[in-house]
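User: I am new to this structure and would welcome a close look at its aromatic side chains and the strand beside them. Please explain each term as it arises.

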Amino acid sequence: MKPIQDIYSHLTTPRNVVITTHQKPDADAMGSSLAMYHFLTSFGHSVTVVSPTNWAKWLDWMPGSATVIDYELQRDRGEAALQQAQWVFCLDFNVLIRTKHMANSLRQGAFDRILIDHHQQPETAIFTWGVSDTAKSSTCEMVYDFIVGSGHSDRITPAIADCLYAGVMTDTGSFRFPSASASVHRMVADLKDRGLQHTLVHENIYDNFLENRLRFIGHILLHRMDLFYEYNTALIAISKKDLLRFEIKTGDTEGLVNFPLSIQGIKLAALVIDRDEERKWSFRSKGDFDVNTFARTYFEGGGHYNASGGRSSASLDVTVQHFIEAMKENALQLQ
């Protein structure tokens with residue numbers, strides 16, 4: 001994988017470009033993709049954003065979201081874009097399996113793959129150019145760095161600023177996580193100078209849900225959260241029945257795993273959701289407990305030191321029991 005800086009000199013030559021990200025994209029994934037979309041379009045590139053799956057409706061406010069192709073629903077359009085592509089930007093993921101059904105097409109395509117990502121253990125051999133930096137707060141921060149580093153910061157419009165801020169704000173937990181470095185705050189100050197209206201972004205992200213989600217959260221915290229104080233751990237297990245009862249859609253469970261971390265003494269918070277094809281895990285931690293290693297060891301996952309995800313093909317009851325056993329095996333690290 002050649003340094004990402006090597007691509008700067010090629011930016012002014014229009015190409016067919018696809019931008020893609022991980023399945024079920026969050027604000028960082030969608031924000032970085034759409035910011036890059038607007039940036040590259042300004043050079044005359046023909047740019048298509050292809051998401052491997054659907055995304056939360058509360059991301060639809062982002063400028064350009066109406067142009068994004070849902071690969072699961074519009075596979076023919078997605079494949080057509082990939083077949084014509086000369087460049088494919090891969091944002092906010094670093095292993096192709098995270099693109100679900102797109103993975104084979106991304107691996108076999110004749111285009112150049114370009115990585116911009118901040119997760120651990122990238123599949124670097126498949127990328128022509130790229131940058132992988134786990135110290136970065138978000139992929140949106142890295143896209144900002146890419147734009148500034150290319151010498152074209154004058155092309156940062158209010159639309160790009162909104163998209164970038166959404167990703168960096170959410171991935172830093174509204175700037176509470178250690179990854180909210182001084183450079184992050186300097187980035188936000190620069191975006192403000194360029195027209196960012198941060199209050200509107202916050203409202204679009206956090207004040208854009210239906211009543212059923214709030215009632216769902218209350219139900220889950222009351223009936224589906226178990227606390228293991230001897231292990232400084234909280235576990236939330238959500239059944240398919242819960243999802244159906246409250247008509248939960250993609251994105252409605254976003255951030256739920258963070259709630260237990262507000263409880264005094266809790267060091268590890270885990271959330272498992274019974275999806276149709278598998279059980280999806282989210283892990284968050286405080287301090288020195290490495291949930292990236294935990295997720296990779298026990299649940300075919302990974303991510304960041306204090307935030308990661310995983311999966312299980314076992315039933316909800318079986319995977320919960322597996323978690324409890326894994327938690328006990330890590331008792332010393334959780335003290």
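Which residue lies over the face of Phe209, and at what distance from the ring centre?

Analyst: This is a predicted model, in which local features need pLDDT of at least 70, side-chain atom pairs count only at pLDDT 80 or more, and totals for chains, interfaces and linings use all residues. Residues are numbered from 1 along each chain as its sequence is written, and side-chain values use heavy atoms, with hydrogens and water left out.

Arg213 lies over the face of Phe209, at 3.8 Å from the ring centre. A charge counts as sitting over a ring if NZ of Lys or CZ of Arg is within 6 Å of the ring centre and within 35 degrees of the ring normal. The charged end of Arg155 likewise sits over the ring of Phe43, 4.0 Å from its centre.

Phe43 belongs to one aromatic cluster with Tyr8, Phe39, Trp87, Phe89, Trp129 and Phe146. Rings of Phe, Tyr and Trp (its six-membered ring) pair if their centres lie within 6.5 Å; planes under 30 degrees apart count as stacked, over 60 as edge-to-face and the rest as tilted. The count by this rule is 19 aromatic pairs. In one of them, the rings of Trp281 and Phe283 have centres 5.4 Å apart and planes at 10°, so the pair is stacked. Phe294 and Phe323, by contrast, form an edge-to-face pair, 6.0 Å centre to centre with 80° between the planes.

Trp87 and Phe89 lead to strand β5 (residues 87-91), strands being DSSP runs of E with at least two residues, and helices runs of H or I with at least four, numbered from the N terminus. Five of the five residues of β5 are buried (under 20% relative accessible area, with exposed over 50% and partly exposed in between; 1.4 Å probe, protein chains only), so the strand is largely enclosed by the rest of the structure. Trp87, Phe89 and Leu91 lie on one side, Val88 and Cys90 on the other. Strand β5 pairs in the parallel sense with β2 (residues 16-20) over four bridges and with β6 (residues 112-117) over five, where pairing requires at least two DSSP bridges. Cys90 is the bridge partner of Thr20, while Phe89 stands opposite Ile114 in β6.

Phe89 and Phe146, with Ile19 and Met36, touch the most other members of the largest nonpolar core, which has 52 residues. Such a core is a set of buried Ala, Val, Leu, Ile, Met, Phe, Trp, Tyr and Cys residues joined through side-chain atoms within 4.5 Å.
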